[in-house]
Amino acid sequence: MHILRCRSLFLSVFVFALLSLYAQVFCAEPMTARFQIDGSSRGKLIGNRVSTINLWQFQTWPTPVDEGANLSDFVETVQFMTATGGNASRDLFKDPTDFDTLDDYAFEPLLDKCQAVLDLGAKPFLKLSVPDKFSREGKVEVFGVDAYPPDDYEVYYAYILAMGKALVERFGREEVLSWGFGVLVEFENADWFHDKERTPEGSREAYFKLYDYSVAALEEALGSEVWIGAHAMACTEGLWDERDLLNHCVYDKNAKTGKVGTTIKYFAVSFYDDLPHRPHPMSLAETVARIRERAAEVGLKDLHYGVDEGRILGASKGRYKNDLTHRTVGQTYQCAYDARIFKILIDNDIDYFSMWSYSSSSPWSGYPLLYYRVAQELVKFKSSKLLTTTASCELAEGVDCSCVAGFDEESQRLHVMAYNFKYDLNYQGVVDATFALNLPMWQGKRVKVVRTEIDDRDNFFLDWLKDKEELGIPDDAFSWSPDSGCLDVGFINPEITTLYREKLRDKYKEKANRAPRTESEIMTVGDDGALTLSARMERHGTVFYQVEEAKD
């Protein structure tokens with residue numbers, strides 16, 4: 001009898017818990033957020049924080065095919081990762097396998113791809129790297145490149161100098177000076193670079209020497225104005241403390257010039273969250289803050305800061321691994337995630353966050369994923385000055401609903417962005433948001449308000465998830481995580497690839513190119529300059545407003 005009573009009590013508690021969960025997920029009252037925006041308080045220029053994109057290997061970059069994801073809308077810089085070598089396919093030589101001839105340079109492939117970037121209206125950003133040919137004892141490691149330093153730094157110097165001169169000859173010095181350069185990718189990550197013994201001390205000194213020689217070679221070819229810096233892993237502990245580079249650039253003897261100090265114009269980091277439900281232990285703001293603090297300590301107060309790669313490492317597992325292609329999920333979660341990153345960049349004076357992709361395929365190819373639409377809206381803030389915004393919110397635990405507003409004095413347009421985010425792919429919460437604007441410049445005037453909503457309603461990836469289930473396509477049909485939105489890559493089974501391309505792709509492409517949902521309305525600002533806007537933001541939804549004086 002006692003056991004039966006316990007079971008009955010357990011079942012009652014269990015049913016109550018399920019009902020409570022159901023109420024929270026499906027029946028709960030919407031959360032609320034009220035934002036007060038002062039259109040008269042103009043702060044710093046927001047700039048284009050979605051200006052940069054990564055390219056893993058420029059030699060394999062296909063001819064761009066515009067199927068709706070025209071990155072020229074917002075991308076101004078294209079990073080060529082490990083652009084000057086690391087294996088036979090990356091080394092810029094006539095014969096990368098001839099270890100006895102070290103000056104048979106062949107820079108034409110790099111020059112041609114730099115021209116391709118310029119043709120797209122963007123600028124190249126070249127990450128220098130050590131050719132495999134310069135390290136006889138080296139071997140190709142985790143990232144597919146030789147991680148050893150050069151056997152002879154003078155040979156490496158001559159190579160980079162020759163490349164710099166080739167760039168100038170092809171494009172002109174002033175043009176090349178408008179580009180960016182970096183020395184390695186994640187320089188303190190042992191899988192990218194280390195000394196022969198893989199020691200922290202030896203690897204650090206080898207990198208300092210490589211950095212000095214790289215900067216000196218480019219400065220000889222281009223002049224001291226060259227925009228050069230470094231990209232550290234930073235958010236995760238590396239083989240040695242990446243901040244030591246800042247001390248080296250200020251206090252140490254330059255290994256090439258013999259003088260004290262080395263030029264550094266920017267310092268970039270990587271930033272990845274582990275999973276959609278598990279943020280990285282060190283936040284993006286904290287990652288950059290610890291670099292900035294050291295820079296201030298050594299007197300480097302004018303450095304620029306950026307994120308040279310990142311977003312989300314993995315989600316649900318495919319056949320082999322849970323890695324996300326292009327480090328993004330296809331769910332609308334990614335839209336609010338990117339909008340939240342945008343606000344973090346602004347709040348912490350971080351210039352840009354370089355992304356891997358915005359489309360179903362590679363950069364400048366494929367149809368747009370929904371977060372491409374977010375980037376299209378975020379670039380509209382480029383010439384805007386930040387407005388003072390205060391918030392009063394009633395939100396469930398873990399929910400982030402925030403707002404950014406800016407005013408473009410040239411176009412006389414006001415822009416507002418808000419998002420509803422939680423680190424949970426299955427989050428279902430709704431937020432009723434109110435935006436109370438103070439617009440003294442338009443007192444009593446009619447204004448045109450354009451509202452753009454980006455949420456589940458326009459996401460083809462949710463249609464794909466339903467189709468996938470109905471067709472019985474298992475998660476192990478993917479080499480990467482099945483949560484990846486880049487459907488043009490990642491299938492293992494040729495039959496599924498054919499099914500997608502012949503039966504499904506055009507349907508998804510058509511919906512992707514219909515998004516987002518936009519409405520326009522003429523409203524009148526109060527005599528006191530007040531205007532109130534409102535929106536219901538679904539889970540992981542984002543909303544954008546553009547306000548300008550109505551033309552009669």
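1. Contact is taken here to mean heavy atoms within 4.5 Å. The structure under discussion is a predicted model, and on that footing Leu 110, Leu 111, Asp 112, Cys 114, Gln 115 and Leu 118 of helix 2 meet Met 163, Ala 166, Leu 167, Arg 170 and Phe 171 of helix 3. Sorted by class, the residues of this contact between helix 2 and helix 3 comprise eight nonpolar, one polar and two charged.

2. As to the geometry of that pair, helix 2 (residues 108–119) and helix 3 (residues 153–171) pack with their axes 11 Å apart and at an angle of about 45 degrees. Angles of 65 to 115 degrees would count as roughly perpendicular and those under 35 degrees as roughly parallel, and helix 2 is therefore oblique to helix 3. The crossing of the two helices is right-handed.

3. The largest nonpolar core has 130 residues, of which Phe 80, Phe 181, Tyr 207 and Phe 267 touch the most other members. Helix 5 (residues 200–222) supplies the largest share of this core, namely twelve residues. Apart from this core there lies another, of 31 residues, which includes Ala 33, Leu 437, Met 537 and Tyr 545. As general background, nonpolar side chains tend to be buried together in soluble globular proteins.

4. Phe 80 deserves a separate entry. When its neighbours within four places in sequence are left aside, Phe 80 is in contact with Leu 55, Phe 58 and Trp 61, with Leu 110, Lys 113, Cys 114 and Val 117, and also with Phe 125, Leu 126 and Lys 127. Among these partners, Leu 110 and Cys 114 also belong to the helix 2 side of the contact with helix 3.

5. A second helix pair is formed by helix 5 and helix 6 (residues 244–251), which pack at an angle of about 50 degrees with their axes 11 Å apart, and this angle makes helix 5 oblique to helix 6. Helix 5 passes helix 6 in a right-handed crossing. From helix 5, the residues Arg 204, Tyr 207, Phe 208, Tyr 211 and Asp 212 meet Asp 244, Leu 245, His 248 and Cys 249 of helix 6, and by class this contact has five nonpolar, one polar and three charged residues.

6. Which residues of helix 6 are buried? They are Asp 244, Leu 245, Leu 246, His 248 and Cys 249. The buried residues of helix 6 pack against helix 5 and helix 7 (284–297), and also against strand 7 (228–234) and strand 8 (266–273).

Note on methods: Residues are numbered from 1 along each chain as its sequence is written. This is a predicted model: local features need pLDDT of at least 70, side-chain atom pairs count only at pLDDT 80 or more; totals for chains, interfaces and linings use all residues. Side-chain values use heavy atoms; hydrogens and water are left out. Axes are lines fitted to C-alpha atoms, for helices over the stretch in contact, and angles run from 0 to 180 degrees between N-to-C directions. Helices (H or I, at least four residues) and strands (E, at least two) are DSSP runs, numbered from the N terminus. Angles under 35 degrees count as roughly parallel, over 145 as roughly antiparallel, 65 to 115 as roughly perpendicular and the rest as oblique. A crossing is left-handed if the near helix is turned anticlockwise from the far one by less than a right angle, and right-handed if clockwise. Ala, Val, Leu, Ile, Met, Phe, Trp, Tyr, Cys and Pro count as nonpolar, Asp, Glu, Lys and Arg as charged, and the others, Gly among them, as polar. A nonpolar core is a set of buried Ala, Val, Leu, Ile, Met, Phe, Trp, Tyr and Cys residues joined through side-chain atoms within 4.5 Å. Buried means under 20% relative accessible area, exposed over 50%, partly exposed in between (1.4 Å probe, protein chains only).
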